[in-house]
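Let's take a walk through this structure, one stop at a time. Have the sequence and the 3D view ready, and turn the view as you read.

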Amino acid sequence: MHGEFKVRGGKLVSVDIGVEDGAITTAHVYGDFFLEPDDALEDIAAAVVGAGAEASTAALAERISARLARREEPATMIGFDETAVAIAVRRALGRAISWEDIVFDVIGPVTMPPVMHVALDEVLPHEVASGARPPLFRIWDWDSPLVVIGSYQSLRNEVDPDGAQRHGIGVVRRITGGGAMFMEPGNCITYSLVVPTSLVEGLSFEQAYAYLDDWVMGALAEIGVRARYVPLNDIASEQGKIGGAAQRRFAGGVLLHHVTMSYDIDAQKMGEVLRTGKEKLSDKGTRSAVKRVDPMRSQTGLPREQIIDGFLDFFRARYRTQDSSYTEAELTAARELVETKFATPEWTSRVP
């Protein structure tokens, strides 16, 4: 059985393994990484042999670390590590998957109230977990303004009620953590990914964020934006922050990952609606939340629709996809959640 794992910013690790009676009996590890001294490769492979076919990524990595620690001459792994080998083994065993194992449903922009998209981010992971829908990638679009706060944020600390009322902007709490999203029609680009958690098998939470957004770094490069990931969940360019990501893992082995990137935000209005404290900005190198906004329009000169089309084209070219749309059952379930949860003061104010 064969498995591969490409270390983000590093090298490719490949493994071929054999399994009998629930245990790994043979292992061959190779790739374009660097390793000193070269005979340490034999120890890495030997550490994998004997492990149970159900061994976790952490258990496999620990076996490799323990074997290397017993060497008289220390080993230096360059461009990969024990966890990378373990993930490749898990993929060979079919316990972890790669992008190539997935056929994504792709849903382009559908204009609806933004709170519907918030609700769909709860509905769709359950659809994927139940097998009713394959993993998916979708772009949001909306017809009215809304502040979407993170699941654990304090409502009164994040939103100025007078400013929100003056500008006619509502507030909704989403199911993921992270910071507030200031959304007006046409001012942001937001997308959601719903994937099996086995896609990020063995990765830390920090690594999972960057791994799931690797594709968008390429998409941004194609429109002239040199972007990088700033841990834990920020996407930034040479001119400043572009956007941020948030995640939630569901029972049933499904992960929701969504990103909002600023396109053309009214910074003055945002500053009157959102409250961003000095502590929040303390590690951002700026004193003003307004100055942190760095719309992609100023960096690309492209219409928002063209950027979205570019994102969709890039995703389709990079992964296996099929075009799809929301089902009436999904939209009905989202509407019910809006009425019973997301539009209720009990949910929005659950962290006052």
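A good place to start is a group of rings: Phe5, Trp99, Phe104, Phe137, Tyr191, Tyr211, Trp215, Phe311, Phe315 and Tyr319 form one aromatic cluster. Keep in mind that what you're looking at is a predicted model. Counting ring pairs whose centres lie within 6.5 Å, you get 15 aromatic pairs.

Let's pick out one of them, the pair of Trp99 and Tyr211. Their ring centres sit 5.9 Å apart, with 40° between the planes, and the pair is tilted. Try finding these two along the chain: Trp99 is in the loop between α3 (82-92) and β6 (103-112), while Tyr211 belongs to helix α7 (residues 205-212). They are 112 residues apart, so this pair links distant parts of the chain. Are the two residues buried or exposed? Both Trp99 and Tyr211 are buried.

Now move to Phe315 and Tyr319, which also belong to the cluster. Here the ring centres are 4.9 Å apart and the planes meet at 70°, which makes the pair edge-to-face, because anything over 60 degrees gets that label. Phe315 is buried, with a relative accessible area of 0%. Tyr319 comes in at 7% relative accessibility, so Tyr319 counts as buried too.

Next, let's leave the rings and look at how some helices meet. Find helix α4 (residues 114-130) and helix α14 (residues 328-342): their axes come within 8 Å and cross at roughly 120°. That angle makes α4 oblique to α14, and the crossing is right-handed. Which residues of α4 make the contact? On the α4 side you'll find Val115, Met116, Val118, Ala119, Leu120, Glu122, Val123, Leu124 and Glu127. Across from them, α14 brings in residues including Leu331, Ala334, Arg335, Leu337, Val338 and Phe342. Sort the residues of this contact by type and you get 13 nonpolar, no polar and five charged.

Our last stop is another helix pair. The axes of helix α1 (residues 40-48) and helix α2 (residues 57-69) come within 8 Å and cross at roughly 135°, so α1 and α2 are oblique to each other. Their crossing is right-handed. From α1, Ala40, Asp43, Ile44, Ala46, Ala47 and Val48 reach Arg63, Ile64, Arg67 and Leu68 of α2. How do the residues of this contact divide? There are seven nonpolar, no polar and three charged.

Conventions: Residues are numbered from 1 along each chain as its sequence is written. This is a predicted model: local features need pLDDT of at least 70, side-chain atom pairs count only at pLDDT 80 or more; totals for chains, interfaces and linings use all residues. Side-chain values use heavy atoms; hydrogens and water are left out. Axes are lines fitted to C-alpha atoms, for helices over the stretch in contact, and angles run from 0 to 180 degrees between N-to-C directions. Helices (H or I, at least four residues) and strands (E, at least two) are DSSP runs, numbered from the N terminus. Angles under 35 degrees count as roughly parallel, over 145 as roughly antiparallel, 65 to 115 as roughly perpendicular and the rest as oblique. A crossing is left-handed if the near helix is turned anticlockwise from the far one by less than a right angle, and right-handed if clockwise. Contact means heavy atoms within 4.5 Å. Ala, Val, Leu, Ile, Met, Phe, Trp, Tyr, Cys and Pro count as nonpolar, Asp, Glu, Lys and Arg as charged, and the others, Gly among them, as polar. Rings of Phe, Tyr and Trp (its six-membered ring) pair if their centres lie within 6.5 Å; planes under 30 degrees apart count as stacked, over 60 as edge-to-face and the rest as tilted. Buried means under 20% relative accessible area, exposed over 50%, partly exposed in between (1.4 Å probe, protein chains only).
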